Amino acid sequence: SGFKGNAGDTAAVNFQGSVTTGDLPALFILKTILDRKLIEAGLWSRLRLHINANNGAAMEVNHPVILEWIKGIAAEKPTDADLAWAREAALHHFDDILPDLQALTWERDPQATVQDIETISAGHIQDVARIYF
């Protein structure tokens, strides 16, 4: 892909990370679910998960407990109650993550928009957990 600022300039765009544009909002919901698990397990002060445009479309996970939680979500989608909580919590933090989600989205498709958090299904979150981890 190339970005053309004017007829004389062309710069190549190298995408980082493996998460597709359409899966980024579901990745954010997955991160929110995992953040809750970190808090409940008393690990919040030692472990943090981040999604930011500087690192590309990915969420780096290098702790076995978190990977087990993700495998659990990949095997069984979140309950309606857990999904409702995650959507609500994600909405409260959406302004913090939106610039990164939008930058990653526009990097791949300048006309694309970030999917509404309220429309992300439990199945989509399960698919993200299964595909990328």
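What share of the 133 residues in the chain is buried? In this predicted model, buried residues make up 38% of the chain. The surface that the chain exposes amounts to about 7800 Å², and carbon and sulfur atoms supply 50% of that area.

The chain is built from four helices and two strands. Read from the N terminus, the order of elements is β-β-α-α-α-α, with both strands ahead of the helices. Contacts across the sequence are frequent in the following sense: among contacts with a separation of 6 or more, 73% join residues that are 24 or more positions apart.

The interior comes next. The largest nonpolar core holds 36 residues. Those that touch the most other members are Phe28, Ile29, Leu30, Leu34, Met59, Ile66 and Ile125. Each of the helices α1, α2, α3 (80-108) and α4 supplies at least two residues of this core. Helix α1 gives the most, with nine residues.

Helix α1 spans residues 24-40, and helix α4 spans residues 122-132. The two pack with their axes 9 Å apart, at an angle of about 85 degrees. An angle from 65 to 115 degrees counts as roughly perpendicular, and α1 and α4 are therefore roughly perpendicular to each other. On the α1 side, the contact is made by Ala26, Leu27, Ile29, Leu30 and Ile33; on the α4 side, His124, Ile125, Val128 and Ala129 take part. Sorted by class, this contact has eight nonpolar residues, one polar residue and no charged residues.

Leu30 is a useful residue to follow here. It is one of the α1 residues in the contact with α4, and it is also among the core residues that touch the most other members. Leaving aside residues up to four places away in sequence, Leu30 touches Met59, Ile73, Ile125, Val128, Ala129 and Phe133.

Two other residues of α1 have contacts with another part of the chain. Thr32 lies in helix α1. With a relative accessibility of 7%, Thr32 falls under the 20% cut-off and so counts as buried. Beyond residues up to four places away in sequence, Thr32 touches Trp85, Ala86, Ala89 and Ala90. Arg36 also lies in helix α1, but it counts as partly exposed because its relative accessibility is 27%, a value between the 20% and 50% limits. Arg36 touches Asp82 and Trp85, again not counting residues up to four places away in sequence. The C-alpha atoms of Arg36 and Ala86 are separated by 8.5 Å, although the two residues are 50 residues apart along the chain.

Where does Ala74 sit? Its place is in helix α2, which covers residues 64-75. Ala74 has a relative accessible area of 17% and is therefore buried. Apart from residues up to four places away in sequence, Ala74 touches Gln126, Ala129 and Arg130. From Ala74 to Arg130 the separation is 56 residues in sequence, while in space their C-alpha atoms are 4.7 Å apart. Ala129, one of the residues touched by Ala74, also belongs to the α4 side of the contact with α1 and is touched by Leu30 as well.

Note on methods
Residues numbered from 1 in each chain as written. Predicted model: local features only at pLDDT ≥ 70, side-chain atom pairs only at ≥ 80, totals over all residues. Heavy atoms only, no water. Axes fitted to C-alpha atoms, helices over the stretch in contact; angles between N-to-C directions. Parallel < 35°, antiparallel > 145°, perpendicular 65-115°, else oblique. Contact = heavy atoms within 4.5 Å. Nonpolar A, V, L, I, M, F, W, Y, C, P; charged D, E, K, R; others polar. Buried < 20%, exposed > 50% of the residue type's maximum accessible area, 1.4 Å probe, protein only. Core = buried A, V, L, I, M, F, W, Y, C linked by side-chain atoms within 4.5 Å. Areas by Shrake-Rupley, 256 points an atom, 1.4 Å probe, with all protein chains shown as cover.
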